[in-house]
Amino acid sequence: SFTLLEDPNEATTTSKSKGNECFTLKLYEDAIFHYTDAIDHFKTANTNNDPYNAILYNNRATSFALVGKHGRAINDAKKAISLDASNPKFHFRLSSSLLSIKNYASAKANAEEGLKIDPTNKPLLKLKHQSAIKLKESKVSANKKAAAESAKIKPSKPINLQNLYSDKNGKHASARAIIDQLKSELSSG
């Protein structure tokens, strides 16, 4: 249940502690509930302790990621970074969640942002490496798929390439004229 304490700072701390306890027990949905409660109390406290609030968002992002709600994890990680961009853990959470939804380029870029803060951070280095590999694999896979698709497309008759690149007067045809000629060749077959 929600923490009903009069002091918002105390309520924030209590809810965060409950969230941490649930997280330790691997009760991630309950942890999300308590971190949300802590975030709400933090807003009520009207304090300027952004790094503390950023930790609450990152903790909830981690819990969201562990229950497979990567979109919400991404949103919370972005919020944590907007509140405190100096914590490499926040960049790790964002990068890791982006990797989970197969956004390899963004995952790599965010890992690199975290590495600007801590160039020796092993989890971020590993995540950057994994993202780079997945990005390369996805490009190779996309190229293979495109090649396979184009191999399936065959004109019904051979195309006269000599006529394709010149107009009726024997001059070099414009790109539009070439496309029109190609369409004509393909549709007449």
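Where do Glu112 and Lys108 lie, and how many residues apart are they? I began my notebook with this question, and I keep in mind throughout that I am reading a predicted model.

**Entry 1: charged pairs in helix H6**

I found that Glu112 and Lys108 both belong to helix H6, which covers residues 104–117, and that they stand 4 residues apart, or about one turn of the helix. Their side chains meet in a salt bridge, with a distance of 3.0 Å from N to O. I noted that side chains of opposite charge can pair when their charged atoms come close. I then looked up how open the two residues are: Glu112 has a relative accessible area of 28% and is partly exposed, and Lys108, with 24%, is partly exposed as well.

In the same notebook session I looked up Lys116 and Glu113, which both lie in helix H6 and are 3 residues apart, again about one turn of the helix. These side chains form a salt bridge too, at 2.9 Å from N to O. Lys116 has a relative accessibility of 62%, and because exposed means over 50%, I wrote Lys116 down as exposed. Glu113, at 35%, counts as partly exposed.

**Entry 2: a charged pair between distant parts of the chain**

I next asked which residue forms a salt bridge with Lys69. The partner is Glu29, and the closest N and O atoms of the pair are 3.7 Å apart. This pair links distant parts of the chain, since Lys69 sits in the loop between helix H3 (50–66) and helix H4 (70–83), while Glu29 sits in helix H2 (residues 28–45), with their positions 40 residues apart. Lys69 is partly exposed at a relative accessible area of 33%, and Glu29 is partly exposed at 43%. I recorded the count for the structure as 4 salt bridges, among them the pair of Lys69 and Glu29.

**Entry 3: aromatic rings**

How many aromatic pairs does a search of the whole structure find? It finds 2, and one of them is formed by Phe23 and Tyr28, whose rings are 5.3 Å apart from centre to centre, with 65° between their planes. I noted this arrangement as edge-to-face because the angle is over 60 degrees. Is Tyr28 buried or exposed? Tyr28 has a relative accessible area of 18%, so it falls under the 20% cut-off and is buried, whereas Phe23, with 27%, is partly exposed.

**Entry 4: helices H4 and H5**

I then followed helix H4 and helix H5 (residues 88–100), whose axes come within 9 Å and cross at roughly 155°. Because an angle over 145 degrees counts as roughly antiparallel, I described H4 as roughly antiparallel to H5. The crossing of these two helices is left-handed. Residues of H4 that make the contact include His70, Ala73, Ile74 and Ala77, and those of H5 include Phe90, Leu94, Ser97 and Leu98.

**Entry 5: Ile74**

Finally I looked more carefully at Ile74, which lies in helix H4. With a relative accessible area of 7%, Ile74 is buried, because this value is under 20%. Which residues is Ile74 in contact with, leaving aside its neighbours within four places in sequence? They are Leu94, Ser97, Leu98 and Ile101. For Leu98 I also noted the spacing: the C-alpha atoms of Ile74 and Leu98 are separated by 7.0 Å, although the two residues are 24 residues apart along the chain.

Definitions and conventions
Residues numbered from 1 in each chain as written. Predicted model: local features only at pLDDT ≥ 70, side-chain atom pairs only at ≥ 80, totals over all residues. Heavy atoms only, no water. Buried < 20%, exposed > 50% of the residue type's maximum accessible area, 1.4 Å probe, protein only. Phe/Tyr/Trp six-rings, centres within 6.5 Å; stacked < 30°, edge-to-face > 60°. Axes fitted to C-alpha atoms, helices over the stretch in contact; angles between N-to-C directions. Parallel < 35°, antiparallel > 145°, perpendicular 65-115°, else oblique. Left-handed = near helix turned anticlockwise from the far one by under 90°. Contact = heavy atoms within 4.5 Å.
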